[in-house]
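Biologist: Please take a close look at one part of this model for me: how its helices pack and where its chains touch.

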Amino acid sequence: MTQENTAMLKINNLQARVENGTPILKGIDLEVKPGEVHAIMGPNGSGKSTLCQVLGGRDGYEVTDGTVEYLGKDLFELEPEERAREGLLLGFQYPVEIPGVKNIYLLKEAYNAQRKHRGEPEADTFQFLKLVREKLQMMQMDESFLHRAVNVGFSGGEKKRNEILQMLVLEPKLALLDETDSGLDIDALKIVSEGVNKLRSPDRAIVLVTHYQRLLSHIEPDFVHVLSGGRIIKSGDKTLAQELERSGYQGIIEEAA
Amino acid sequence: MSTHSQDVEQLIKREYKYGFSTDIDQEILPPGLNEDVIRAISAKKNEPEFMLNWRLEAYRHWLTMREPSWAHVHYPKIDYQSISYYAAPKSKEDAPKSLDEVDPKLLETYEKLGIPLHERARLAGVAVDAVFDSVSVTTTFKEKLAEAGVIFCSFSEAVHNHPELVEKYLGTVVPSGDNYFAALNAAVFSDGSFVYVPKGVRCPMELSTYFRINAMNTGQFERTLIIAEEGSHVSYLEGCTAPQRDENQLHAAVVELIALDDAEIKYSTVQNWYPGDEEGKGGIYNFVTKRGECRGRNSKISWTQVEAGSAITWKYPSCVLLGENSVGEFYSVAVGNNLQQIDSGTKMVHVGKNTRSTIISKGISAGRANNAYRGLVKVVGGADGARNYTQCDSLLLGDRCGAHTYPYIEVKNPTAQVEHEATTSKIGDDQIFYLKQRGISEEDAVNMIVNGFCKEVFGELPMEFAVEAQALLAVSLEGAVG
């Protein structure tokens, strides 16, 4: 497998809508290679979240045209859990609360589901704890986090840190982060960004979906795409984000129109 | 009395038609209920006079009673004359003395149910009193228990070998006329378990009974009596399962627990009677009366139940807290799928001073099931310092099922403290998607959430049964989502 130059994710003319609703994605083209960090930016209602949900495999969306290839496979042939086990992980904009289920339990089950999928032996509790403790430190999270119910009673910042903790433990090939910066104060933003930066690696791709440029001053992207009206209307390098910051979305949208 | 003679005639006719068959595998009384049937049951079991009289008294009382209709369950009228009230495996004639003598077919059935008697006997140190329909088939570990002075045997044996204990305690917690189904049970019960733990003895092992309804069209009416003398301790587990039949079958059991000074009884149930099919066809009608009396100071009775089966569950394991400082506990998981109906809960009656009770109820509804918690916390005038904590949570899967809560609180003492907390939640698509997007299958995701919801109750079960209970929930909720 020489993936150096081949795309890990190939999105071709992707069109999608909420089931029986109006079209939201109207032809997205995007290629992501290992080691790259892409930022997808756009105003509210541009289709950012829909793109994440469709790639993550959420029910309730209908793909009306186009293809998505992930690691050479048709992504839409894979169930959400298969996508996750194959290394495509979605960081949620609104992480879901699951009462009664401890964080450590979810992490361990998810970790072992992945190992099982790869034909590797499941990790025992001691091996796993050792691994998780390292990652907790990276996220400056206390060990008590592990024994709290998943996201229950977590502050906005804690929830987002928890998402990145999961990423650090599960080590995805493609991390898709949906508005990971929303609802974070400056300190939390810094911690979360540091976590994402630790995820960066030559064989891993990261796609950041964000509304604001401020995240990109902590995580430097290789590519920036502007999503508007369900299409990518402009792509560029990190300077595009700075341009956005100066002239706002309206300027770019008008320029593209 | 004309109806009575009619009944007799009917019985005779039926006997003519069906007869007592000896060439089939089961010995079954023909369907129908009257005093002659009760005499026949008592005679078959070779019971002493006091038992027959007790049964007859119960039967006569039952005739004056009406089937209760207050529960949140619906079912066609039960025809009590179409039920056969006694069935015994044919091997009863030469009752097995050890496991080797037990019909291998029977043991095979137990294996399928995941109750390997040999394994249990050898490894787990669990004494299993297996009740196959109405007659106790085998009792293991009797000797070891005897060494400790613990009596653990079938009810029939107790009637013969310890009549003084049976006569002294039988019906003292659940009187023969307590309620419709308890009265029916008292009249026709065929077997069950008996436990007596003498003063100061800590029972050296978990006691366990597996009940199983096997014969068609027979009701099972077992009766269990557990007596814990001063300072003794016993943990008892019953597991129940029944094969699949299209007809509904009636199960009306009674359990009586008696804890004297400083004694503790822990009673755990994993109930998995056949719930009927997806359309609600068939399944067990489970109408059970379970009650414990904390008669002594500092005594404790704890009920833990996992109710996963039965078409209808009508069951309220209760504690009457008579002794000062006595403690009652009720931990329950009740899960209903498809068209199952559950009306279950508990009664905690505080009579003694400084009595305490805890109720943790977890109801899970899926499919088109209806699940009701019905509970009573009662504090009488003299129960100074009584305390109760009740937590009652419902979890819904899908949008066609129902959860209902009927908590009754009656407090006659101003020093009492009674707390009630209740929540209702739903397994959301977003929760399932979140877990799936972490690589966890939908089934595992549901199990994870359900087990999380139930863990306070599972924590009360003995370890190996907690694992079994989790597996049981997974099976019960198969296909409940998606």
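Modeller: Here is the helix packing, followed by the contact between the chains. Keep in mind that this is a predicted model.

Start in chain B. Helix α2 (residues 35-44) of chain B and helix α3 (residues 49-63) of chain B have axes that come within 10 Å and cross at roughly 155 degrees. Angles over 145 degrees count as roughly antiparallel, so α2(B) and α3(B) are roughly antiparallel to each other. Their crossing is right-handed. From α2(B), the contact uses Glu35(B), Ile38(B), Arg39(B) and Ser42(B); from α3(B), Met51(B), Leu52(B), Arg55(B), Leu56(B) and Tyr59(B). By class, that is five nonpolar, one polar and three charged residues.

Now chain A. Helix α5 (residues 156-170) of chain A packs on helix α6 (residues 186-199) of chain A at an angle of about 10 degrees, with the axes 10 Å apart. Therefore α5(A) and α6(A) are roughly parallel to each other. Among the contact residues of α5(A) are Lys160(A), Ile164(A) and Leu168(A); those of α6(A) include Ile191(A), Val192(A) and Val196(A). The residues of this contact divide into eight nonpolar, two polar and three charged.

Last, the two chains. Their contact takes 22 residues from chain A and 18 residues from chain B. On the chain A side, α2 (80-85), β6 (88-91), β7 (98-102) and α3 (103-117) each supply at least two residues. The largest share, five residues, comes from α3(A). By class, the side of chain A that touches chain B has twelve nonpolar, five polar and five charged residues.

How values were computed: Residues numbered from 1 in each chain as written. Chains lettered and ligands numbered in written order. Predicted model: local features only at pLDDT ≥ 70, side-chain atom pairs only at ≥ 80, totals over all residues. Axes fitted to C-alpha atoms, helices over the stretch in contact; angles between N-to-C directions. Helix = DSSP H or I, 4+ residues; strand = E, 2+ residues; numbered from the N terminus. Parallel < 35°, antiparallel > 145°, perpendicular 65-115°, else oblique. Left-handed = near helix turned anticlockwise from the far one by under 90°. Contact = placed C-beta atoms within 7 Å. Nonpolar A, V, L, I, M, F, W, Y, C, P; charged D, E, K, R; others polar.
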